[in-house]
Amino acid sequence: MLEEWLLLAHVTGAAVLFGTGAGIAFFMVMAHRTRDPALIAHVAGTVVIADTVFTATSAILQPVTGYLLARMIGWDLSEGWIALSLLLYVITGLFWLPVVWIQIRLRDLARAAAASASALPPAYFSLYRVWFAFGFPAFLAVIGILWLMLTKPSIPYFNIGQRLATRSAAMVMLNHFSRTGSESHSLSAEPKPAQVETLGTLTTAKARPTMSTLTR
Ligand code: HEM
């Protein structure tokens, strides 16, 4: 039951993260196209508030609910699709954080132009171009995360846990006991047993149907 609530919170967070990001980008672009400093100042001011209330909150909660889900279901954080998602999440953050600062600057520059009844300064246009360019990698990275979360593909190269296991005899044994199916036949990764109670006794995590189990 708790797992279902966590999944609901996690998917809601994903919708808020993606929806707010896309909405903010759209309204900023539309406001910018008017070249009206007062209008841009107003929209940029609202965008800064929306980013703080919605994007920042879900950006913090998303890894928390994701981590708890992973623990509950039995996914290892080093599992390929999760490890790659975490990398993409860091990349998203690296592009999103400067964007937040740029939005504040754009708002302030537009406010100053509106207050002095002058045109938008060149600094505004330079910053806007950076803001626009940074949106693409951040947006693509989030799309990538969504795809990974939904398809959970088996990605051997990114499966850090599995690669480390091949270098450790003890981990190889654990890996052997915890594998339920043949990796070579898997289209998607599968959750590993959550706990090892005693030597050789496994408590399997709730099994989720994946492409491979459904077609077996
Ligand atoms: C940042 C760290 C994250 C971790 C550790 C994480 C982990 C997880 C885990 C363990 C699941 C459940 C998988 C299963 O049902 O077996 C999941 C599902 C999901 N995640 Fe994440 N997640 C993270 C971030 C994100 C982000 C940023 C998004 C989207 C913007 C996202 C979107 C989703 C969606 C849509 C599902 C539902 C997939 C399904 O039920 O088929 N997650 N995530």
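## A first walk through the model

Visitor: Which residues touch the most other members of the largest nonpolar core?
Guide: This is a predicted model, in which local features need pLDDT of at least 70, side-chain atom pairs count only at pLDDT 80 or more, and totals for chains, interfaces and linings use all residues. Residues are numbered from 1 along each chain as its sequence is written. A nonpolar core is a set of buried Ala, Val, Leu, Ile, Met, Phe, Trp, Tyr and Cys residues joined through C-beta atoms within 7 Å, where buried means that 20 or more other C-beta atoms lie within 10 Å of a residue's own, all placed from the backbone. Of the 29 residues in the largest one, those touching the most other members are Met28, Ile40, Val43, Ala44, Leu106, Ala110 and Tyr124.

Visitor: Which elements each supply at least two residues of this core?
Guide: Helices here are DSSP runs (H or I, at least four residues), numbered from the N terminus. Those that each supply at least two core residues are α1, α2, α3 and α4.

Visitor: How far apart are the end C-alpha atoms of α3?
Guide: The expected span of a helix is 1.5 Å times one less than its number of residues. The 36 residues of α3 should therefore span 52 Å, and this agrees with the distance between its end C-alpha atoms, 52 Å.

Visitor: Which element gives the largest share of the shell around the ligand?
Guide: A residue counts as near the ligand if its C-beta atom, placed from the backbone, lies within 6 Å of it. Of the 25 residues around the ligand, Ala14, Pro63, Gly66, Ala70 and Met149 come nearest. The largest share, seven residues, comes from α2.

Definitions and conventions:
A residue is buried if 20 or more other C-beta atoms lie within 10 Å of its own, exposed if 12 or fewer, and partly exposed in between; C-beta atoms are placed from the backbone.
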